[in-house]
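Which charged side chains pair with one another in this protein, and where along the chain do the partners sit? The paragraphs below take up the pairs in turn and then follow one helix that carries a partner.

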Amino acid sequence: MLQPFKTLARDHPVVRAVLLRALARLRRLAHAPPGLYALCYHRVPERQRAGFSAQIAYLQRHGRFVGADEAVTLLETGAATAGRHFLVTFDDGYADTVEVALPVLRAAGVPAILFLVSDWLDAPPANPPGPYADRAMVAAWLAAGMAVGSHGCSHARIATLGDAAAEHEIAGSREVLAAATGVPIRHFACPWGVAARDYLPSRDPDLARASGYATFFTTRRGVATGARDLPALPRHVLEPEWPLHEIDALLGARLARR
C-alpha cells in the first residue's frame, strides 16, 4: 500500500521534500526505539561538509556512536536494546570519504567503517562520480582508527551471479582487502543491498558467514536489536545535504498522543 508513495517520493525530489516535511511533524529521533541504527553514506563532497557535520552532531545528541565490531558485540549479547546506538558506514570508497568526512568524524570522536570494492583499489572505474580512494588514502583512514569492510570485488549485483561467481565477489574480496590493508575484514555490505533484486537471502548471507564475515549489511531501513539481524543488517541510506528534519522523519518514531 505504501509502495506507490515511496516510488513517488523517490522519483520526484520536490514531492519527497514535502512528504518528509509533513512526516517530520509526527516523528522525532528522540522518540526512536533503542537498538542499532546503521547509517549508509556514499559521497560527502566539500560543499556538503557542513551538512554532514550537522547530521553527526544531531545524531550524537540522540544516541551513542559505535564501531562495526562493537555493534556486533552489542547485537550478540542483547545489549543493543539498552540504548540508541548509531553506526556510520560509507559505501564504494570515494576519496571524499577520507578528505572531507574523516576530519568531521575525528573532530566529533565518531568511529566509522568504509566498505571498499577490492578491484577499485588499483583500477577504479573511470566514469563519474569518482574519484575513489587509493591505497594511501585507505592507509590514512585506518591510521585514524577507522575500519574497512568489503563491498565486493567489482560491485556486481550478486543476485544475478552463479554460485561460484557470488562466492568470488564475497570471499575473494575479503582475501584481497585483507592482504592490501593488513587488517582482518569482518564486515560485508551488499552492493545496492535489496533482497531478491541485489542478493539472494537464501544463499548470500550464508556465503558471507562461511567466508568469515560477522555481518551482511543491506539497505533495508530499520533498527537491529539482536544477533538474528546479523545475516541481513538494516541500514538507513542518508545524504549529507539532507536537512535535520528529514533525519527525524526517516529514523524517528511517532510522537506520543497527548
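A salt bridge is taken here to be a side-chain nitrogen of Lys or Arg lying within 4 Å of a carboxyl oxygen of Asp or Glu. The model is a predicted one, and by this rule the count in it comes to eleven salt bridges. As general background, side chains of opposite charge can pair when their charged atoms come close.

One of these pairs joins Arg43 and Asp96, whose side chains meet with an N to O distance of 2.6 Å. The two residues belong to distant parts of the chain, 53 residues apart, since Arg43 lies in the loop between strand E2 (35–41) and helix H3 (49–60) while Asp96 belongs to helix H5 (residues 95–108). Their surroundings can be described through accessibility: Arg43 is partly exposed, with a relative accessible area of 28%, whereas Asp96 is buried, with a relative accessible area of 5%.

Further pairs can be read in the same manner. The side chains of Glu46 and Arg49 meet in a salt bridge at 2.8 Å, N to O; Glu46 is partly exposed at a relative accessible area of 47%, and Arg49 is likewise partly exposed at 26%. Arg64 forms a salt bridge with Glu70, and the closest N and O atoms of that pair are 2.7 Å apart. Here Arg64 has a relative accessibility of 38% and counts as partly exposed, as does Glu70 at 34%. Elsewhere, Arg157, Arg197 and Asp198 are linked in a network of salt bridges.

It is worth returning to H5, the helix to which Asp96 belongs. H5 has 14 residues and reaches 20 Å from its first C-alpha to its last, which is close to the 20 Å expected at 1.5 Å a residue. Even so, H5 has a kink of about 45° at Ala101, shortly before the proline Pro103. Asp96 is among the buried residues of H5, which also include Ala95, Thr97, Val98, Val100, Ala101, Leu102, Val104 and Leu105, and the kink position Ala101 is therefore under the 20% limit that defines buried. Against what do the buried residues of H5 pack? They pack against H3, strand E4 (84–92), strand E5 (112–116) and helix H6 (135–143). Just after H5, Gly109 takes a positive phi of about 70°.

Key. Residues numbered from 1 in each chain as written. Predicted model: local features only at pLDDT ≥ 70, side-chain atom pairs only at ≥ 80, totals over all residues. Heavy atoms only, no water. Helix = DSSP H or I, 4+ residues; strand = E, 2+ residues; numbered from the N terminus. Buried < 20%, exposed > 50% of the residue type's maximum accessible area, 1.4 Å probe, protein only. Expected span 1.5 Å × (residues − 1). Bend = angle between axes of the 7 residues up to and from the residue. Contact = heavy atoms within 4.5 Å.
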